[in-house]
Structure formats: structure tokens, C-alpha cells
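Biologist: Could you walk me through one part of this model in detail? I'd like a close look at the surroundings of ligand 1, please.

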Amino acid sequence: AKEAGRNQLALFDRELRAKRLETARTVERLRGAIDRDELLVYYQPLIRLADERITGVEALIRWQPAGERMIPPDRFIGAAEDSGLIVPIGAWVLQESCRVAAGWHRRHGTVVSVNVSPRQLREPDFGAMVLDALRSSALPPEALILEITEGVLVNSGVATEQAISHLSMVRSHGVRVAIDDFGTGYSSLAYLRDLPIDHIKIDRSFMPAPGVTDPASRNLVKAIIDLAAGLELSVIAEGVETAEQVTLLRELGCERAQGFYFSRPVPEADADTLIAEDHHG
Ligand code: C2E
Ligand code: CA
Ligand code: CA
Ligand code: CA
């Protein structure tokens, strides 16, 4: 048993070292990715359930190293956060998606949601960076939504206070703030009342699975929607994959939804077509 334990430890140690090496290698390759033009932004439509029109898009980063398969964000965002690379990468995503969305907004009133990592909110010049992206793209502040996760606003401490002050500042210019993955992070709800927030996005783990009709999962979604309504926050349901889910969300008074049922995240040119068709067809 002792020997087995030792072997396990050795295995654990080896795995840990392999993982660290892998992360270091990812960071190394990611460092030059912006300059090599390997990063791109995909866009996923946000749909208003009342008329199923596209009211906005979420910008989602992709990494396409030359001659390789596309790398999804879950495989590199963590390393980008740990290394601080998320700061220039996040700024690039914001610039790029504001630039692209400016045209959509001018023509169709489309808004754009951009993910912001907690690490970005620790930068003293975060607010200036956001205002700069708006100015240089000529996207009106009202057409930009920043998506942050609950943790950013809930833990007490200097970092939280700084994040809140950044978000209040950009919000005073008209930018809106959404809580991403709502319901997966923290149990304290007081922050919803007290903090600078406009929207909540219900995490896809709350969507009832296909064929599931038990009242509990329905009531859970209903409770979140009612909570948000009481606080005058608008609700976006994430990860909507079936017509049944759409029907349910509509019954429960959910305003907007996003998910594979409507569209996967697509490259700029395809998003452009989707948005234009939505407004002419
Ligand atoms: P997220 O912000 O929660 O984004 C939604 C994710 O759910 C996207 O994955 C999207 O493709 C996926 N999704 C959308 N609809 C459905 C559906 O109906 N079913 C299922 N199963 N999935 C759906 P993606 O693009 O791989 O992004 C993963 C995460 O990476 C994002 O989760 C976000 O946390 C992070 N991320 C993406 N882009 C950025 C970025 O520019 N900056 C930062 N900081 N994080 C980013
Ligand atoms: Ca998001
Ligand atoms: Ca989400
Ligand atoms: Ca997420």
C-alpha cells in the first residue's frame, strides 16, 4: 500500500509538472499571437424572444495558429489570465468588436457584449481603455455591454472596490454591465441590488435538459427571472438549444435568449449576413 501511495504521488507530481509545462508553452505561443494576427472574434446572436429578432451579439474570442486547428477559449483564457496576457488580449478583443459592431449598430441598432476578465479590472486604466475603444470605433457607449462574472463584485477587498469603481465610471458614460453565468458563483444576492449592473445572464446549467418537465427546474428558472424583474434587471437566458426551452422562457417572461437553437457563434462575415437578413427578410 505504501508503495502504491508512493507511485500515486510520483504520478501526481509528473502530471502536475506536465501541466505546468503545457501552460508555460501555451503562454509562450500566445505572447506573439496578437502580432501574428492569430486571434479572431466570433459573434453569437442575442435574440429578443417577443419577435425573435437579433438585438445584439456576444463577442467570443478564438485562436487560430497558422496551419493548426482553431483553439477554443477554454483552452487558453486561464493561461492568459495567470500570465497577465489577458490584459492586451482583452483590449484587442474590445477594440476589434467595437470596430465591427459600430457598423452593425449604425445600420441596425445592434448592440455588442464583450467578456471582461477579473484580471482586466485590476488595471488602473481599465476605464480609459474602454472609453478609448469606444472613441476610436465611434460605437456609442449605449451599444456596449461588458460581461463580468459574479465573483468580480462579491468578494470584499481592494480588487472588488476597484472593479466596482471602474464599472461605475464606464456606466456613467452609458456603457451597460451584465452578470455572466448568473447563479453559478456565489450565494449572496445583495450585490444585485447594490452594484452597478443592468443585465443578468442565466447560466446554461439552469436550462431544463431536453425532455425534462419536472416543475423544480422550471421553477428555478422562473425564480431567477422574477428576482431580476423585481430589481429591474433585464434577463438573458444562455445555452438555449431546443424549441421547448424557448417556449418555456417565453412563458416565464424572459426577455432575451442566446444559444445553439438560434445560432452558434460565427465569424464576422457570417454574423454580418445573419444581422442583415434579420432586418430585411
Ligand atoms: P461565456 O462567456 O459563458 O460564453 C458562452 C459560451 O457558451 C461560448 O463558448 C458559447 O459558444 C457557448 N454556447 C453558446 N450557446 C450555447 C448552447 O446553446 N449550448 C452550449 N453547450 N454552449 C453554448 P466559447 O466561445 O467556447 O467561450 C467559452 C468561455 O470563454 C466564455 O464563456 C468566456 O468565459 C470565455 N471567453 C470567450 N471569449 C472571451 C474574451 O474575449 N475574453 C474573456 N475574458 N473571456 C472570453
Ligand atoms: Ca459571456
Ligand atoms: Ca455565460
Ligand atoms: Ca462561462
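Modeller: Here is a tour of the site around ligand 1, ending with the calcium ions. Keep in mind that this is a predicted model.

Let's start with where the ligand is: ligand 1 sits in the largest pocket. The elements that each put two or more residues into its shell are strand S2 (53–63), helix H3 (86–108) and strand S5 (176–182). Of these, S2 gives the most, with 4 residues. The whole shell comes to 22 residues, and the closest are Arg62, Asn115, Asp180, Glu241 and Phe260. Sorted by class, you get 9 nonpolar, 8 charged and 5 polar residues around ligand 1.

Now for the polar contacts. Gln44 uses its side chain: an N or O atom there is 3.1 Å from a nitrogen atom of ligand 1. With Ile61 it's the backbone instead, where an N or O atom lies 3.1 Å from a nitrogen atom of the ligand. Asp181 brings a polar side-chain atom to 3.2 Å from an oxygen atom of ligand 1. As for cover, ligand 1 has 800 Å² of accessible area on its own, and the protein covers 84% of that.

Asp181 deserves a second look. This residue belongs to strand S5, one of the elements already named for the shell. Besides its contact with ligand 1, Asp181 supplies the protein donors of the calcium ion (ligand 4): both entries are Asp181 (OD), lying 2.6 to 3.2 Å from the ion. That calcium ion (ligand 4) is 5.8 Å from another one, the calcium ion (ligand 2).

Note on methods:
Residues are numbered from 1 along each chain as its sequence is written. Chains are lettered from A and ligands numbered from 1 in the order in which they are written. This is a predicted model: local features need pLDDT of at least 70, side-chain atom pairs count only at pLDDT 80 or more; totals for chains, interfaces and linings use all residues. Side-chain values use heavy atoms; hydrogens and water are left out. A residue is near a molecule or strand if one of its heavy atoms lies within 4 Å of it. A polar contact is a pair of N or O atoms within 3.5 Å; within protein, one must be able to donate a hydrogen and the other to accept it, and residues adjacent in sequence count only if both atoms are side-chain atoms. Accessible areas come from the Shrake-Rupley method with a 1.4 Å probe; for residues, only the protein chains shown count as cover. On a 1 Å grid over the protein atoms alone, a cavity is a set of points where a 1.4 Å probe fits but cannot get out, and a pocket is an open set with protein on both sides within 12 Å along at least five of seven lines; lining residues have an atom within 4 Å of a point. A molecule sits in a cavity or pocket if more than half of its atoms lie within 2 Å of its grid points. Ala, Val, Leu, Ile, Met, Phe, Trp, Tyr, Cys and Pro count as nonpolar, Asp, Glu, Lys and Arg as charged, and the others, Gly among them, as polar. Donors are N, O and S atoms within 2.8 Å of the metal (3.2 Å for Na, K and Ca); water is not among the atoms, so sites may look incomplete.
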